[in-house]
Every structure is written in C-alpha cells, then in structure tokens.
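Please open the model in your viewer and keep the selection panel at hand. The tour below goes from one selection to the next and says what is to be found at each stop.

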Amino acid sequence: MTAQIRNAPSGFLDLSSKSFVQQALFVVAGTLVLALASKLSVPMIPVPITMQTFAVTMIGALYGWRLGTLTVLAWFGEAMLGLPVLAGGSSGLTPFVGPTAGYLVSFPIMVALVGFMTEKGINGHRPVGSFLLHLSANALGLTLGWAWLAGLLGAEKAWIAGVAPFILGAVVKSALAAAVLKVVALRAEASK
C-alpha cells in the first residue's frame, strides 16, 4: 500500500492518486517553479512585478487546494530558512514583515481558492470561468497587498505603488492561465 495524503481532493493533475513520494516530488517541483517565477521580475519600488501570482494560481489549479497550499507553504519555509527563492533573490523573515508581506500572505489563500474551485469544476474545460477565477484570485492578492501597504504608506500611495501598476498584469496572467489550462484539458482529452 502506498502512503498518500488521505482524502486529498485532486487538482487538474489528479495528484491525490499518486504515492506520498510522488506528491512530495511535486511539492519540491512546485517550489522550484515558484522560485523561478520569482526570478522573472521587473524591479519596482516598493513591490516588484513578478510571475509569482501566475505560478501560484497555476499550482492551485494543477495540484488542488491541499497540495497547492502545502507547496506555497514549503516555498515560504525555504525562504525563511535563507534560500533566495522570493522576488529579487530575497529570503529570511524581512519579506514577511516588509512592503511585500500582504502579497505574500495572500498566496496561500489564492492557491487554496483556485485549487478548491478547480476541483469544483471551474477548470480548463471552462476557460471563461477559469479566467474569472484566476482574475478573482489576483484581485484578492492585490487587495491584501494593498491593505498591508496602506498601513505602511497610506491608502492612496499604496494604490499608486502597489495596485494600479499590477492590474493589467493580473488580467494578462489570468488570461494566460486560462489558455494554458485549456491546452492541458485538450491534451488530456486527446490522450484518452
């Protein structure tokens, strides 16, 4: 009998049917994807533009809410241990209390939201729903990021520096996520 995460609902990849070792390897692979997405960055002050939110929502859709959340938390653990896996190669505790803290706090919530709703049928088979789901998750991330940043800079400055520059990117990343998931769905159907 293989060890599995008990009763773990599956994401698009149906990882709950995999062994514990295979699931652990997916978690490690997911943290690597998140680290790489953090490296794809446009430096801005106080919050850089990265592909992190795209990776977070895709991991939610592909892994499911439980394994996706575990992956994001493992990535945070790597950062807290000093591995340079966050935007700009940052690590340690500082990013979790600095200007980016609200965005980081939103990531486990975003991955859980997308994973849960994907498991409920909003997936690559329904691209408009998938787009709206990913956009909602991005909006949640921007809202929590803004709320934290507003406490540091004030509401208006936080909007100008921490939300407005990211709106178009959220729309584009959400459309890209829906398109990628549609391709994954089509390939899965073709291989049956």
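## Starting at an aromatic ring

Select Phe26 to begin: in this predicted model, Phe26 has a relative accessible area of 28% and is therefore partly exposed, since that class lies between the 20% limit for buried and the 50% limit for exposed. Add Tyr63 to the selection, which is buried, with a relative accessible area of 7%. A search of the whole structure finds five aromatic pairs. Phe26 and Tyr63 form an edge-to-face pair, because their ring centres are 5.8 Å apart and their planes stand at 90°. This pair links distant parts of the chain, with Phe26 in helix α1 and Tyr63 in helix α2, 37 residues apart.

Next, select residues 20-39, which make up helix α1; its end C-alpha atoms are 29 Å apart, in agreement with the 28 Å that 20 residues should span at 1.5 Å a residue. Colour the buried residues of α1, namely Gln23, Val27, Gly30, Thr31, Leu34, Ala35, Ala37 and Ser38. These residues cover an arc of only 160° around the axis, which means that they lie on the same side of α1. Turn to the other side of α1, where Val21, Leu25, Leu32 and Leu36 are exposed. To see what the buried residues of α1 pack against, show β1 (41-42), β2 (49-50), α2 (52-63) and α3 (65-80).

Move on to Tyr103, which is buried at a relative accessible area of 10%, and to Phe166, which also counts as buried, at 11% relative accessibility. Tyr103 and Phe166 form a tilted aromatic pair, with 6.5 Å from centre to centre and 45° between the planes. Here too the pair links distant parts of the chain: Tyr103 belongs to helix α4 (residues 101-119), whereas Phe166 sits in the loop between α6 (155-162) and α7 (167-190), 63 residues away. Then select Trp75, Phe76, Phe96 and Phe107, which ring pairs link into a cluster.

Finally, zoom out to the whole chain, which has seven helices and two strands, running α-β-β-α-α-α-α-α-α from the N terminus on. The C-alpha trace spans about 50 × 35 × 25 Å along its principal axes, and the radius of gyration of 16 Å agrees with the value near 16 Å for a compact globule of 192 residues. Buried residues make up 42% of the chain. Among contacts between residues at least 6 apart in sequence, 68% join residues at least 24 apart. With a surface display switched on, the accessible surface comes to about 9500 Å², of which 73% belongs to carbon and sulfur atoms.

How values were computed
Residues numbered from 1 in each chain as written. Predicted model: local features only at pLDDT ≥ 70, side-chain atom pairs only at ≥ 80, totals over all residues. Heavy atoms only, no water. Helix = DSSP H or I, 4+ residues; strand = E, 2+ residues; numbered from the N terminus. Expected span 1.5 Å × (residues − 1). Buried < 20%, exposed > 50% of the residue type's maximum accessible area, 1.4 Å probe, protein only. Arc of directions from axis to C-beta. Contact = heavy atoms within 4.5 Å. Rg over C-alpha atoms; globule rule 2.2 N^0.38 Å. Areas by Shrake-Rupley, 256 points an atom, 1.4 Å probe, with all protein chains shown as cover. Phe/Tyr/Trp six-rings, centres within 6.5 Å; stacked < 30°, edge-to-face > 60°.
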